[in-house]
Amino acid sequence: MQPCRYSEIVSSEIFKPRNIIVTGGCGFIGANFVRYVARNHPDVHITVLDKLTYAGNPQNIAGLPQSQVELVQGDICDAALLERIVPGHDAIVHFAAESHNDNSIANPEPFITTNVEGTFHLLEAARKYDVRFHHISTDEVYGDLALDDPRRFTESTPYKPSSPYSASKAASDQLVRAWVRTYDLRATISNCSNNYGPYQHVEKFIPRQITSIMEGVRPKLYGTGENVRDWIHTEDHSSAVWEILTRGRIGETYLIGADGEMSNIAVMRMILRLMGCAEDAFDWVCDRPGHDRRYAIDSNKLRTELGWRPVHTDFEAGLQATIAWYAANRAWWEPAKAATEARYRAQGQ
Ligand code: NAD
Ligand code: TDX
């Protein structure tokens, strides 16, 4: 007899959520996920739970049907609030986090509070009310690879986080695993590579450079610029999370990546060229302490088990569309730009 393929096993156990909580749904990736679900699964109700920190913006989910998407402003560390809103939901998709490495180096404390304690409170609520849990994490938990290392990260790569941010995400992943093993929580984890696309905060690499150029300011490259990131369009991240939520095996971890490795200097030059500037019209600034050299994701498990494929495989086209989005949405990013740059200036970056 032929061995059964994983996808056949999984698809027979499809989970059909009807009423989900999306934490961090007013942030970059969470909001894109909310938009993805609203567009593709109009029968699913979404409660967005978001503290609306500097990184959260209700405009990110504006225009979606009010009958389908409800915003609750609140903190994932607020156990009493979770007691009130979790009952009646059948899944929690957990994006909420402090997400920026540079901020974690300047002040680690909110990263421990939100990413570790906040995840703990959500796990406790999910356990109490028997709610399916999907945890969004990052490839940074695996540390970094040498630039010439032929290997990529897989689900069995040992954890070796470098920054307070990635250490806090690693801790939260391990809490999820403990809740699966000890309490039989129906949970899955995904670790994704660097996202780009619309609604990304101007503190992050790609939007920072695009918006600086739009303001006539020279963009800034850390260190040697040789560091490599593995880019994925945020919509491909959303489709992968949906597949894992509905068809993933409980207790499993899936790496999400789109084979998009590129050095920072190459991305910088591409942005400058696409925006009609000379490719060397940027400034070198001091490096990030502990700067990870290279991330690279092997997403074979996700592709073979669940049949997932990225759609946005042309990075230059995706970048061009992202530049067009920031050009068309100045009112969205301008209010955050000055304060973000002031923070960077104070750090010499
Ligand atoms: P983001 O900073 O843009 O958004 C984070 C959101 O979480 C914001 O809306 C913020 O208001 C909310 N939030 C923060 N603290 C909260 C709290 N205590 N309670 C409730 N809400 C709170 O982040 P992002 O880039 O969209 O990242 C989302 C998730 O994806 C994070 O878990 C991050 O670790 C993970 N991730 C990000 C990337 C990336 O490239 N940005 C890659 C892989 C994984
Ligand atoms: O101005 C800059 N110049 C620069 O050279 C900035 C802001 C960044 N960089 C470099 C640092 C990184 O090598 O660009 C690369 C990308 O930087 P970030 O956008 O800060 O992303 P990174 O630190 O790689 O982390 C991102 O991907 C993994 C997300 O912010 C994390 O939330 C996610 O887990």
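An oxygen atom of ligand 1 sits 3.1 Å from a polar backbone atom of F28. The model is predicted. Ligand 1 is surrounded by 28 residues, and ligand 2 by 21. The protein covers 96% of the 830 Å² of accessible area that ligand 1 has on its own. For ligand 2, the cover is 95% of 660 Å². The largest nonpolar core has 33 residues, and a second, separate core has 28.

**Ligand 1: contacts**

- The residues closest to ligand 1 are I29, D50, S99, Y165 and K169.
- I29 makes its contact through the backbone: an N or O atom there lies 2.7 Å from an oxygen atom of ligand 1.
- D50 uses its side chain instead, with a polar atom 2.6 Å from an oxygen atom of ligand 1.
- F28, like I29, offers a backbone atom.

**Ligand 1: the shell**

- Four elements give two or more residues to the shell around ligand 1: α2, β5 (132-138), α6 (164-183) and β7 (194-196).
- β5 gives the most, with three residues.
- By class, the shell around ligand 1 holds 12 nonpolar, 12 polar and four charged residues.

**Ligand 2: contacts**

- T138, Y165, R229, R288 and H291 come nearest to ligand 2.
- Y165 is thus listed among the nearest residues for ligand 2 and among the closest for ligand 1.
- The side chain of R288 has an N or O atom 2.6 Å from an oxygen atom of ligand 2.
- The side chain of N101 has an N or O atom 2.9 Å from an oxygen atom of ligand 2.
- F205 takes part through its backbone, where a polar atom is 2.9 Å from an oxygen atom of ligand 2.
- With those contacts in place, the protein covers 95% of the accessible area that ligand 2 has on its own.

**Ligand 2: the shell**

- Helix α7 (205-214) and strand β8 (220-222) each supply at least two residues of the shell around ligand 2.
- The shell around ligand 2 has six nonpolar, eight polar and seven charged residues.

**Nonpolar cores**

- Nonpolar side chains tend to be buried together in soluble globular proteins.
- In the largest core of this model, F33 and I256 have the most contacts inside it.
- Strands β1 (19-23), β2 (45-50), β4 (91-94) and β10 (253-256) each give two or more residues to this core.
- Helices α2 (28-40), α8 (234-247) and α10 (300-306) do so too.
- α2 gives the most to this core, with six residues.
- α2 also gives two or more residues to the shell around ligand 1.
- The second core includes V202, A281, Y326 and W332.

**K301 in helix α10**

- K301 is found in helix α10.
- Is K301 buried or exposed? K301 counts as buried because its relative accessible area is 17%, and buried means under 20%.
- The C-alpha atoms of K301 and A339 are separated by 41 Å, and the two residues are 38 apart along the chain.

**Annotated domain**

- An unreviewed UniProt entry places the feature "domain: NAD(P)-binding" at residues 21-320.
- Over residues 21-320, the chain is 38% helix and 18% strand.
- The end C-alpha atoms of that stretch are 32 Å apart.

Terms used: Residues are numbered from 1 along each chain as its sequence is written. Chains are lettered from A and ligands numbered from 1 in the order in which they are written. This is a predicted model: local features need pLDDT of at least 70, side-chain atom pairs count only at pLDDT 80 or more; totals for chains, interfaces and linings use all residues. Side-chain values use heavy atoms; hydrogens and water are left out. A residue is near a molecule or strand if one of its heavy atoms lies within 4 Å of it. A polar contact is a pair of N or O atoms within 3.5 Å; within protein, one must be able to donate a hydrogen and the other to accept it, and residues adjacent in sequence count only if both atoms are side-chain atoms. Accessible areas come from the Shrake-Rupley method with a 1.4 Å probe; for residues, only the protein chains shown count as cover. Ala, Val, Leu, Ile, Met, Phe, Trp, Tyr, Cys and Pro count as nonpolar, Asp, Glu, Lys and Arg as charged, and the others, Gly among them, as polar. UniProt positions are given in the numbering used here, feature names are shortened, and annotations may be inferred rather than shown by experiment. A nonpolar core is a set of buried Ala, Val, Leu, Ile, Met, Phe, Trp, Tyr and Cys residues joined through side-chain atoms within 4.5 Å. Buried means under 20% relative accessible area, exposed over 50%, partly exposed in between (1.4 Å probe, protein chains only).
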